[in-house]
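Trainee: I should like to understand how the terms used for this structure are justified. May we go through them one at a time?

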Amino acid sequence: MEEQKENRLQAAPNEASAPPAAAARPSGRQHCRISDQETNGKKSTASPNDFSDPVYKEIAMTNGYINRMTREELRSKLAEFKLETRGVKDVLKKRLKNYYKKQKLMQKEAINRDSCYDYICVVDFEATCEEGNPPEFVHEIIEFPVVLLNTHTLEIEDTFQQYVKPEINPKLSDFCISLTGITQDIVDEAETFTQVLQNVIEWMRQRELGTKYSYSMLTDGSWDMSKFLNTQCRISRIKYPSFAKRWINIRKSYGNFYKVPRNQTKLTMMLENLGMNYDGRPHSGLDDSKNIARIAIRMLQDGCELRVNEKMHAGQLMTVSSLAPLEGAPAPQMPRYRN
């Protein structure tokens, strides 16, 4: 729903195949375990790095040298280190700088490997829509996909996908069918949102997310959680699920990490700037989620620390500071019905 989200953004005052079977987790991997402190919402933070250490002077000097390199010199050096060579010049510079920085800090044993999530759950809803997006139209979720990204192997480990039967506008518009590829027959035969949410939660529990393994939700923008899920929970008369109250907005992370303006953080532009093409059918929720996961993988490879940067609080969208303690999402539970 990338273009649809952008259109809604302008109108608002604020901002198909069956899924594959679960892949077996490789044995012998090291995971970031969830401590009792994390479970209680309290986590001790590591002491800040001593920036007077000579290693940071070395890093600064290397960064200055990298800034003067041509694109071909950057690509040659990246190839030498067997790193990805695709992308615009600013992306290549960031990639090389982070490689050198990581190597230097690893030598000093200054990287805290316990400050990561074991998994990232990428979500990109598809919702009912009409051409022109009239302001009074109520958008209902009609596709609920989840892509499970393993942050240790940097691979998509599993996927979930189910379609949802809309209640308020059960008949899809021709525009919606054309945009999403979701037909009337598909939603007519689908389960209600409440049942699909229960299925999602059970799928997450089977993968021990929030219990054995730490995780965070990730979206392409703010609207999936703050608008679509928030509205859908009111329609379905259930409270907002606790596991989705905090998430990574990859557009913010991408813009801050690669130092690009907001108008260059649309899904297709992020892929293009990273030297990748869209894979699949645009506006398929599952395919969109897979492509967002590909961007997240590349960012992690380039040295970005993807962490929660947005949350819902008292029904309102809020920003989470990068200085806030790192917390994984709680174990998923089915929300209660509204009174």
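**Terms and the values behind them**

Trainee: Why is Cys129 called buried?
Mentor: Cys129 has a relative accessible area of 1%. Buried means under 20% relative accessible area, exposed over 50%, and partly exposed in between, with a 1.4 Å probe and protein chains only. Cys129 is therefore buried. Cys304, at 9% relative accessibility, counts as buried too.

Trainee: What kind of model is this, and how are the values obtained?
Mentor: This is a predicted model, in which local features need pLDDT of at least 70 and side-chain atom pairs count only at pLDDT 80 or more, while totals for chains, interfaces and linings use all residues. Residues are numbered from 1 along each chain as its sequence is written, and side-chain values use heavy atoms, with hydrogens and water left out.

Trainee: Why is there no disulfide at Cys129?
Mentor: A disulfide is a pair of cysteine sulfur atoms within 2.5 Å. The closest cysteine sulfur to that of Cys129 belongs to Cys176 and is 3.8 Å away, which is too far for a bond. The structure holds zero disulfides.

Trainee: How do you know that the length of helix α12 agrees with its number of residues?
Mentor: Helices (H or I, at least four residues) and strands (E, at least two) are DSSP runs, numbered from the N terminus. The expected span of a helix is 1.5 Å times one less than its number of residues. For the 17 residues of α12 (residues 285-301) this gives 24 Å, and the end C-alpha atoms are 24 Å apart, so the two agree.

Trainee: What makes α12 largely enclosed by the rest of the structure?
Mentor: Of its 17 residues, 14 are buried, and α12 is therefore largely enclosed. Just after α12, Gly303 takes a positive phi of about 100 degrees.

Trainee: Why is the contact of Asp302 with Arg95 called a salt bridge?
Mentor: A salt bridge is a side-chain nitrogen of Lys or Arg within 4 Å of a carboxyl oxygen of Asp or Glu. The N to O distance between Asp302 and Arg95 is 2.5 Å, and the pair meets in a salt bridge. Asp302 lies in the loop between α12 and β7 (310-313) and Arg95 in helix α5 (residues 89-107), so the pair ties together parts 207 residues apart in sequence. Asp302 and Arg95 are each buried, Asp302 with a relative accessible area of 2% and Arg95 at 2% relative accessibility.

Trainee: How many salt bridges does the structure hold?
Mentor: The structure holds eleven. Among them is the bridge of Arg75 and Glu72 (3.7 Å, N to O).
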